[in-house]
Amino acid sequence: MQLGTMKIELNEIPIREVAEGFIDSAEKGCRAYGGRLNVRPAYQREFIYKDAQRKKVIESIKKNFPLNVMYWVKNADGNFEMLDGQQRTISICQYLNGDFSFERRSFANLPEDEKNQILDYKLMIYICSGGSSSEKLDWFKIVNIAGVQVNDQEMRNAIYPGEWLTDAKKYFSKKNCPAVKIAADYMKGSPGRQDYLETVLKWISKRDKIEIEEYMDKHAQDPNAGDIWLYFKKVIDWVKVTFPEYRKKIMQGQDWGIFYNEYGDKIYDAEKFDAEIKRLLEDDDVTKNSGIYAYLFDGNEKHLSIRKFSDKMKRAAYERQNGICAKCGKPFDIKDMQADHITPWSKGGKTIPENCQMLCANCNRRKSNK
């Protein structure tokens, strides 16, 4: 199959070839196929089948049942990376290595004909070679829809491997990585699922006014990821200085890097910020507390989703005004009018019946634009 400059071929490769030279170690990584296959590349999650799952794989092979198709990517140097099939491949290789037994018999204790039946079993593997980054990304997305559970950032990792990515994962993609240690209180998601890495990439690419893919492509061959790690530390340090009072419910998961990009070069009064945060948290008209930090920086009330007047309040104000717009003095049907704060919320006005007036759409728009 040829898609643009990318070639996709279905191969039948016997287990004896795939499992050749299998190794799985922290120092040398996880490799097979005579050392040419990276079974756990940078974009793959470190996940191993449970005992019952891996035994199902061996059972399927022994009964000559078909396993699901696997997906490899062929690199320019002739070596391969596994896109999907990691757990099945590792389970097979571990069984051959004697790491577990099936039906109380290890592979080493099987008769030769049963060993050969397993070793000669052919795995169905799609191999992708050549192609541009965008073509590969499109293919990976299609594969993902078909059932390979790879998220957006994992797909990007597949497209832009290199020393930079390996180093970046050291900082952002491990259970107890440095980013977790200094910023777990401010981040959401799982580092293992690449949520931390994707978040900081979104922040730093916004700073550079480019897309995440462009940033990763630009830095893929860098010797380390010191740039993005230093940036991340600056963001977190700035947050801790600007907002020393930690409030988990509204601080965790904020787009701190986006705020830092725009406002990080300014000096703010942390005490005044804290007093305003407390006031807003106590204001019943503020229905979206998570928007408080954005509001502090730009003053836009939309971040707070200020409580709206109820239909009952609107009807009472409409009747009190005899259907007359409070600004232009013209009569309107209630469906053509909008509720407005007489004293604006920003000046202390509350969303209560006494502070409600009905304006026609044009008058309300003109007032809002002032």
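What distance should the 13 residues of helix α9 (residues 195-207) span, and how far apart are its end C-alpha atoms? At 1.5 Å a residue (times one less than the number of residues), α9 should span 18 Å, and its end C-alpha atoms are 19 Å apart, which agrees. Helices (H or I, at least four residues) and strands (E, at least two) are DSSP runs, numbered from the N terminus.

The model is predicted: local features need pLDDT of at least 70 and side-chain atom pairs pLDDT 80 or more, whereas totals for chains, interfaces and linings use all residues. Residues are numbered from 1 along each chain as its sequence is written, and side-chain values use heavy atoms, without hydrogens and water.

Within α9, the buried residues (under 20% relative accessible area, 1.4 Å probe, protein chains only) are Tyr196, Leu197, Val200, Leu201, Trp203, Ile204 and Ser205. Elements covering them, by contact (heavy atoms within 4.5 Å), include α6, α7 (163-172) and α11 (226-242). Just after α9, Lys209 has a positive phi of about 60°. Asn157 lies in α6 (residues 152-159) and counts as buried because its relative accessibility is 0%.

The largest pocket (an open set of points on a 1 Å grid over the protein atoms alone where a 1.4 Å probe fits, with protein on both sides within 12 Å along at least five of seven lines) holds about 620 Å³ of space, taken as that filled by probe spheres set on points joined across faces, edges and corners. Its lining (residues with an atom within 4 Å of a point) comprises 18 residues, of which Glu301, Ala339, Asp340, His341 and Ser368 are closest to the centre. Two or more lining residues come from each of β9 (337-341) and α17 (361-368); β9 gives the most, with 4.

Notes
Buried < 20%, exposed > 50% of the residue type's maximum accessible area, 1.4 Å probe, protein only.
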